[in-house]
Amino acid sequence: IQAREVDVDTVPIPELSLALRQVGRASEADRLFAIYRGNASKLPRDGVGGAIRKISEANVAALSGRGDEAVRLIDGISRRNPLSLNVIPTMSLLRNPVLATVKADPQLAVADERLRAALNAERQKAGLPPIGRHVWVGG
């Protein structure tokens with residue numbers, strides 16, 4: 001990713017756009033979402049930038065009402081590199097507010113389990129106990 005390829009002065013995240021919409025600030029939400037969508041389309045298709053681009057495309061699809069597309073993209077990511085779906089703070093995909101419109105899709109639960117398994121494999125390497133399904137999904 002090269003300088004000036006994306007708008008780094010305003011790097012909106014989808015959660016901010018979602019929060020603004022939920023408090024009735026739709027025009028600001030739309031403006032930030034348009035920047036987010038534009039930045040995502042400028043990311044490279046391969047490598048680390050490509051992984052971020054695919055996740056961003058899934059977020060755009062979910063927030064634009066294209067749930068089937070969002071779940072299809074997430075499923076593909078979870079098959080290739082499930083850890084790239086991890087967010088900070090770490091959470092289940094089923095608890096991610098950006099994916100709230102698709103959380104009932106069984107395919108998302110399968111992708112979420114791939115993420116949890118990959119995360120637990122990393123935790124095992126660090127000598128940490130695994131995160132159980134109940135804690136992961138239910139908190």
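Let's start with Val48, which sits in helix α3. This is a predicted model, so please hear everything that follows in that light. Is Val48 buried or exposed? Its relative accessibility is 68%, so Val48 counts as exposed. Now look across to Ser84. Val48 and Ser84 lie 36 residues apart in sequence. In space, their C-alpha atoms are 9.0 Å apart.

Stay on α3, and move along to Ser56. Helix α3 covers residues 47-63, and Ser56 belongs to it. Here the relative accessibility is 6%, under the 20% cut-off, so Ser56 counts as buried. What does Ser56 touch, once residues up to four places away in sequence are set aside? The answer is Tyr36 and Ala40.

That takes us to α2. Helix α2 runs over residues 26-42. It packs on α3 at an angle of about 145 degrees, and the two axes are 9 Å apart. The crossing of α2 and α3 is left-handed. From α2, the contact uses Phe33, Tyr36, Arg37, Ala40 and Ser41. From α3, it uses Arg53, Ser56, Asn59, Val60 and Leu63. So Ser56 turns up here again, as do Tyr36 and Ala40. By class, the contact of α2 with α3 has five nonpolar, three polar and two charged residues.

Next, the other partner of α3. Helices α3 and α4 pack at about 155 degrees, with axes 7 Å apart. Angles over 145 degrees count as roughly antiparallel, so α3 and α4 are roughly antiparallel to each other. Their crossing is left-handed. Which residues meet? On the α3 side, they are Lys54, Ile55, Glu57, Ala58, Ala61 and Ala62. On the α4 side, they are Gly67, Glu69, Ala70, Leu73, Ile74, Ile77 and Arg80. The contact of α3 with α4 divides into eight nonpolar residues, one polar and four charged.

Now on to α4 and α5. Helix α4 spans residues 67-80, and helix α5 spans residues 106-125. Their axes come within 9 Å and cross at roughly 25 degrees. That angle makes α4 roughly parallel to α5. This crossing is left-handed too. In α4, the residues involved are Val71, Ile74, Asp75, Ser78 and Arg79. They meet Gln107, Leu108, Ala111 and Arg114 in α5. Here the split is four nonpolar, two polar and three charged.

Keep Ile74 in mind. Ile74 meets α3 residues in one contact, and α5 residues in another. So where does it sit in the core? The largest nonpolar core has 19 residues. Ile74, Leu85, Leu93, Leu99 and Leu108 touch the most other members. Helices α3, α4 and α5 each supply at least two residues of this core. Which helix gives the most? It is α4, with five residues. As background, nonpolar side chains in soluble globular proteins tend to be buried together.

Last stop, Leu93. Leave aside its neighbours within four places in sequence. Leu93 is then in contact with Ile74, Leu85, Leu99 and Leu108, and also with Ala111, Asp112 and Leu115. Ile74, Leu85, Leu99 and Leu108 are the ones already named, with Leu93, as touching the most other core members.

To recap. Val48 on α3 is exposed, while Ser56 on α3 is buried. Helix α3 is roughly antiparallel to α4, and α4 is roughly parallel to α5. And α4 gives the most residues to the largest nonpolar core.

Definitions and conventions:
Residues numbered from 1 in each chain as written. Predicted model: local features only at pLDDT ≥ 70, side-chain atom pairs only at ≥ 80, totals over all residues. Heavy atoms only, no water. Helix = DSSP H or I, 4+ residues; strand = E, 2+ residues; numbered from the N terminus. Buried < 20%, exposed > 50% of the residue type's maximum accessible area, 1.4 Å probe, protein only. Contact = heavy atoms within 4.5 Å. Axes fitted to C-alpha atoms, helices over the stretch in contact; angles between N-to-C directions. Parallel < 35°, antiparallel > 145°, perpendicular 65-115°, else oblique. Left-handed = near helix turned anticlockwise from the far one by under 90°. Nonpolar A, V, L, I, M, F, W, Y, C, P; charged D, E, K, R; others polar. Core = buried A, V, L, I, M, F, W, Y, C linked by side-chain atoms within 4.5 Å.
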